[in-house]
Amino acid sequence: MAARISRDDVAHVARLARLSLTAAELDMFTEQLGAVLEHAADVEALDVDGVPPTAHPYPLVNVLRDDVVNDSIDRDEVLRAAPSVEANQFRVPPILGEEP
Amino acid sequence: MSTAIELSAQVRSGERSAREIVDQHLTAIDGREDEVHAFNLVLADAARAGADEVDRRVAAGEDPGPLTGVPVALKDNLCTRGVPTTCSSRILEGWTPPYDATVVSKLAAAGAVIIGKTNLDEFAMGSSTENSAFGVTRNPHDTTRVPGGSSGGSAAAVAAGFAPLALGSDTGGSIRQPAALCGVVGMKPTYGRVSRYGLVAFASSLDQIGPFANTVADAALLFDVIAGHDQRDTTSIPENSPPVSPTLAEGVDGLRIGLVTELSSDGIAADVAGRVQAAAEALEQSGAKVGEISVPSTTFGVSAYYLIAPAEASSNLARYDGVRYGLRVDADTTGEMMQTTRTAGFGPEVKRRIMLGTYALSAGYWDAYYGKALKVRTLMVRDFDAAYEQYDLLLTPTAPTTAFEIGAKTDDPLAMYLSDVCTIPSNLVGQPAISVPFGVGHDGLPVGVQLMAPPMGESTMFRAAAALEAAS
């Protein structure tokens, strides 16, 4: 039986999700994700042409409210939760010059 | 042990003080919490102060509400202003929410006293509460066994007598399955009936908050307190719905109840299947008409769920990047900081699901996995609609087995995922379901049976749950 997901696939997906994996983790996750995807093969094999998708159990459209100003969360309280703050803004390490 | 309804009446009549009731529960926690580990945080001082305030109001002639002086335990993924909310994850280290979840505000407005924040599988991902960054919760009936999950702390707290009521969240069975394994009542409402505002998101189209209690009437009361439209949750159902408590005792005479064949035999332990059969007979003796019904697409439930839920999770958990709150592990660039933070902050099950979801949504696989799973969801809606043309309610086991040994499934994620085979369908179709204790299995551990209802069918469902409880 061909593997449902390769070690390279898992490494690629981890990079997309911004996770670093050790070699041992890469082996473990490749096997475990493969088993779950193998179980999902029943769905993959199903003929559902012409069946519309359901993304949400209770489709609500145009959820509106009166256009009035309400209290919002205090900015200082929000900033107090941040790991690093400067001049009322979230502070992060350099973003320019890194690999895309 | 008094019910929440009795406790509230005692405090309102002045027979007992809220303080005395809180102290009694804190004593129970002191006695067994080391062994059970239901809580991430016990709010002893705040609960005593809250109880004193309730007592002052009662003494002043006020009626604080239907939960006057009743201690309530909260799953630690419900935001509490100024009180740490961890989701049992390292990534939220040091974070205290700047606001209360709507359900927390509603509890306060009903006179309840928050007694603590309960342990869960990290970000509610799991079926055993073994995936917590803060250690496992143990089943109060047998501490070598899991309490179920992900709301295992809430279920264990109620089962151990630490609190008469608790709230959990249910994305694929995370209230009902631990309720079954711990021998308490647990209920997932219709999607949109309880506001998700302040519930830390796992899979937004599946998540619902719901009650745990020792009795069906207590669960109904807590559901009535937390249900209702909320402008701050755009998926909240706008229609107001009548409370379920007043009609609880109306019985099941003439109700048609269908035993779901696909969820009642294959993969279900014989002792559990036997209890479900006994429940069917008990309902029949109470006046219901019980038959068998096929809901074919439920056999695809676990597969569809483990594509949809991780896909939504991979998107929801992208917010934990070390920028605005919680853990940050510093690095030279922002991109590296995000990667080191997420790698250090998330446990293995959360990483597994994020990667599974990212894969299911990625170019080349979207159609085969996520897109197909959404179509299966449509098939399930159609199948349930057809089933509810013949039956008012559906009956299944809640979980395939009684509580399993700690560590039994930790190395086999797929085996763990199959613990939710009976509970997942309700989440995928947004319908309400309740687990009611109904005797014990061969090992003497609790068995739960599940009643499912069409959307907004909570009243009928609670009536049948009360009838089952009376017959158990």
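These are my notebook entries on the domains of chain B and one of its helices.

Entry 1, the model. I noted that this is a predicted model, in which local features need pLDDT of at least 70, side-chain atom pairs count only at pLDDT 80 or more, and totals for chains, interfaces and linings use all residues. Residues are numbered from 1 along each chain as its sequence is written, while chains are lettered from A and ligands numbered from 1 in the order in which they are written. For chain B I found a mean pLDDT (the predictor's confidence in each residue, from 0 to 100) of 97, with 100% of its residues at 70 or more.

Entry 2, the domains. I looked up the assignment, automatic or from a database, and it divides chain B into domain 1 (4–245), domain 2 (249–298 + 378–471) and domain 3 (304–361). Four residues of domain 2 of chain B are in contact (C-beta atoms, placed from the backbone, within 7 Å) with four residues of domain 3 of chain B.

Entry 3, helix α12 of chain B. I checked the length of this DSSP run (H or I, at least four residues, numbered from the N terminus): its 24 residues, 367–390, should span 34 Å at 1.5 Å a residue (times one less than the number of residues), which agrees with end C-alpha atoms 34 Å apart. I also saw that α12(B) bends by about 25° at Ala373(B), the bend being the angle between axes fitted to the seven residues ending there and the seven starting there. Among its buried residues (20 or more other C-beta atoms within 10 Å of their own, these atoms being placed from the backbone) are Ala373(B), Phe384(B) and Tyr388(B). The buried residues of α12(B) pack against α3 (41–44) of chain A, together with α9 (301–316), α11 (348–361) and α14 of chain B.

Note on methods
Helix = DSSP H or I, 4+ residues; strand = E, 2+ residues; numbered from the N terminus. Buried ≥ 20, exposed ≤ 12 C-beta atoms within 10 Å, placed from the backbone.
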